[in-house]
Amino acid sequence: MTTDRLRNTFWVRKMTALFNRLDANKNGVLQEDDLMIYVDRCKSHGRLNKEQSERFTENAKLLWAALSPQGKSTTLEEFIQLANWFVEDKGTVTFGNLYFDTIDTNGNGVISMEEWTVLYKCCGIDVKHAAASFAALDLNNDGQISREEFLEKYLEYNKGTDENHRSAIMFGPYEN
């Protein structure tokens, strides 16, 4: 499956769009500065208190360590290879848990629509796509995304090569 995914144009386009969203300063590589830009945006948009802000910053640093094991910048090609390796090596579960904890800014164990919308704002994704994406992840329609729901769809998103799958819209449209 490793080679198949790397040859799948939708999967590569999806990972390219994700890379471009993460590249906050738009210099063509991912660096720790990119995540810190997102941290600052999320602190502002999310109206985080001091404890939430510290937890969010720590989670973002852990995410950076996962994205760049040597602490250096990551190119698009490296990111695509790394994303593929994460899926194959089960690293996606660890990364997904960190990502969930980063989005769940109040630490109550679920992601609210407000927290999901803040994520979209922080990542520069048009918030008009947030509701449809949230609904696709809220499998039991209870108005919140549990860790289990998030991880199930996050794994499907990362592995998925079908543009029409429910998880494909997790992070909005694929504009590169």
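**Asp101 and Asn97**

I started with Asp101 in this predicted model and asked what it touches beyond its sequence neighbours. Setting aside residues within four places in sequence, I found Asp101 in contact with Asn59 and Arg147. Asp101 sits in helix H6. I get a relative accessible area of 27% for Asp101, so I noted it as partly exposed. I also checked Asp101 against Phe171: they are 70 residues apart in sequence, and their C-alpha atoms are 16 Å apart in space.

Next I went to Asn97, which is in helix H6. Asn97 comes out at 23% relative accessibility, so I put it down as partly exposed. With neighbours up to four places away in sequence left out, Asn97 is in contact with Arg147 and Leu151. Arg147 therefore turns up in my notes for Asn97 at 23% relative accessibility and for Asp101 at 27%. For Asn97 and Gly172 I have a separation of 75 residues in sequence and 20 Å in space, C-alpha to C-alpha.

**Confidence check**

I looked at pLDDT before going further. The protein has a mean of 85, and 94% of its residues reach 70 or more. Where is confidence lowest, and where highest? I found the lowest mean, 78, in H4, and the highest, 98, in strand S4 (residues 145-146). I'll keep the H4 value in mind when reading the pocket, since H4 is among the elements that line the pocket.

**The largest pocket**

I pulled up the largest pocket and got a volume of about 530 Å³. It has 35 lining residues, and those closest to its centre are Leu63, Tyr99, Thr102, Ile103 and Leu119. The elements giving two or more residues to this lining are helices H2 (9-22), H3 (32-46), H4 (50-67), H5 (76-89), H6 (91-103), H7 (113-123) and H9 (147-159). Which of them gives the most? I have H7 down for that, with six residues. Sorting the lining by class, I get 24 nonpolar, eight polar and three charged residues.

**Helix H7**

H7 deserved its own page. Eight of its 11 residues are buried, so I wrote it up as largely enclosed by the rest of the structure. The buried ones I listed are Glu115, Trp116, Thr117, Val118, Leu119, Tyr120, Cys122 and Cys123. Glu115 caught my eye, being a residue of H7 with 6% relative accessibility, which means it counts as buried. What does Glu115 touch, not counting residues up to four places away in sequence? I found Ile103, Asp104, Thr105, Asn106 and Val110. Ile103 I had already met close to the pocket centre. After H7 comes Gly124, and its phi is positive, near 75 degrees.

**The largest nonpolar core**

I then traced the largest nonpolar core, which has 50 residues. Trp116, Phe150 and Phe171 have the most contacts inside it. At least two core residues each come from H2, H3, H4, H5, H6, H7, helix H8 (130-137) and H9. The largest share is from H2, with seven residues.

I followed Phe171 up. Ignoring neighbours within four places in sequence, I see Phe171 in contact with Arg21, Tyr99, Trp116, Leu119, Tyr120, Ile125, Ser133, Tyr154 and Tyr157. Tyr99 and Leu119 in that list are also among the residues closest to the pocket centre.

**The cavity**

How many cavities of 30 Å³ or more does the structure hold? I counted one. The largest cavity has a volume of about 40 Å³. Its lining consists of Leu18, Arg21, Leu22, Tyr99, Cys123, Ile125 and Phe171. H2 supplies the largest share of that lining, three residues. By class I have six nonpolar, no polar and one charged. Phe171 lines this cavity, and Arg21, Tyr99 and Ile125 are among its contacts.

**Positive phi away from glycine**

Last, I checked backbone angles. Most residues other than glycine have a negative phi. I noted Lys26, with a positive phi near 55 degrees. Lys26 is in the loop between H2 and strand S1 (29-30), and at 57% relative accessibility it counts as exposed. I also noted Asn141, with a positive phi of about 55 degrees. Asn141 lies in the loop between H8 and S4, and I have it as exposed, with a relative accessible area of 63%.

Conventions: Residues numbered from 1 in each chain as written. Predicted model: local features only at pLDDT ≥ 70, side-chain atom pairs only at ≥ 80, totals over all residues. Heavy atoms only, no water. 1 Å grid on protein atoms, 1.4 Å probe; cavity = no way out; pocket = protein on both sides within 12 Å on 5 of 7 lines; lining within 4 Å. Points joined across faces, edges and corners; volume = space filled by probe spheres on them. Helix = DSSP H or I, 4+ residues; strand = E, 2+ residues; numbered from the N terminus. Nonpolar A, V, L, I, M, F, W, Y, C, P; charged D, E, K, R; others polar. Core = buried A, V, L, I, M, F, W, Y, C linked by side-chain atoms within 4.5 Å. Buried < 20%, exposed > 50% of the residue type's maximum accessible area, 1.4 Å probe, protein only. Contact = heavy atoms within 4.5 Å. pLDDT = per-residue confidence, 0-100.
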